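Reader: I'd like a close look at one part of this one. Could you walk me through the sheet, strand by strand, and then what sits around it?

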Amino acid sequence: MELTNKREIYSVSNADTNLKLTGEVTYSNGTITNFSGSLSDLSDAYVGSFYYNEGETNCNVNVSNCLKAQIDNAHAIVDTTIEQIKTQLTV
């Protein structure tokens, strides 16, 4: 028997002074292979959704269906959360 492609899946929640993020991240061999979820404002109103994945040299980042007024905040919390995930999981 052979077991391959081990993955860890985590539920993620994060908040800053503008938005809340909730989602699921799949982590395998030091790489975020899938990270997706939703964004809401601090009163829990829907703001948009996001998707992220990475390979050895490239990555994909997508914020979609997002309110125009929140797009910069949406990208900021997604980027911050990705860095925090990497920091916490590589310790």
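Author: Sure. In this predicted model, the sheet is an open one with 5 strands, ordered β1-β2-β3-β4-β5 and paired antiparallel. At the edges you'll find β1, residues 8-15, and β5, residues 59-64, each of which pairs on one side only. From one strand to the next, the twist averages 10°.

Now pick two neighbours. Strand β2 covers residues 19-28 and strand β3 covers residues 31-41; the two run antiparallel, and 10 bridges join them. To get your bearings there, find Lys20: its bridge partner in β3 is Ser40.

Follow the chain out of β3 and you come to the loop between β3 and β4, which is where Asp44 is found. Have a look at its backbone: phi of Asp44 is positive, about 70°, although the residue is not a glycine. Is Asp44 buried or exposed? The cut-off for exposed is over 50% relative accessible area, and Asp44 has 53% relative accessibility, so it counts as exposed.

After that loop comes strand β4, residues 46-54, which pairs with β5 in the antiparallel sense over 6 bridges. A hairpin of 4 residues makes the connection from β4 to β5. A handy pair to click on here is Tyr52 and Val61, since Val61 in β5 is what Tyr52 stands opposite.

Leaving β5, you hit another residue with a backbone like that to check: Asn65, in the loop between β5 and α1. Phi of Asn65 is near 50°, again a positive value in a residue other than glycine. With a relative accessible area of 60%, Asn65 is exposed.

That loop leads to α1, so let's finish with the largest pocket, where the helix comes back into the story. Which elements give two or more residues to its lining? They are β1, the edge strand you met at the start, and α1, residues 71-89. The volume of this pocket is about 200 Å³. If you want to colour the lining, select Tyr10, Ser11, Val12, Ser13 and Asn14, then Val25, and then Thr81, Gln84, Ile85, Gln88 and Leu89. Sorted by class, that lining has 5 nonpolar and 6 polar residues, with no charged ones.

Technical notes
Residues are numbered from 1 along each chain as its sequence is written. This is a predicted model: local features need pLDDT of at least 70, side-chain atom pairs count only at pLDDT 80 or more; totals for chains, interfaces and linings use all residues. Side-chain values use heavy atoms; hydrogens and water are left out. Two strands pair if DSSP finds at least two bridges between them. Axes are lines fitted to C-alpha atoms, for helices over the stretch in contact, and angles run from 0 to 180 degrees between N-to-C directions. On a 1 Å grid over the protein atoms alone, a cavity is a set of points where a 1.4 Å probe fits but cannot get out, and a pocket is an open set with protein on both sides within 12 Å along at least five of seven lines; lining residues have an atom within 4 Å of a point. Grid points are joined across faces, edges and corners, and a volume is the space filled by probe spheres set on the points. Ala, Val, Leu, Ile, Met, Phe, Trp, Tyr, Cys and Pro count as nonpolar, Asp, Glu, Lys and Arg as charged, and the others, Gly among them, as polar. Buried means under 20% relative accessible area, exposed over 50%, partly exposed in between (1.4 Å probe, protein chains only).
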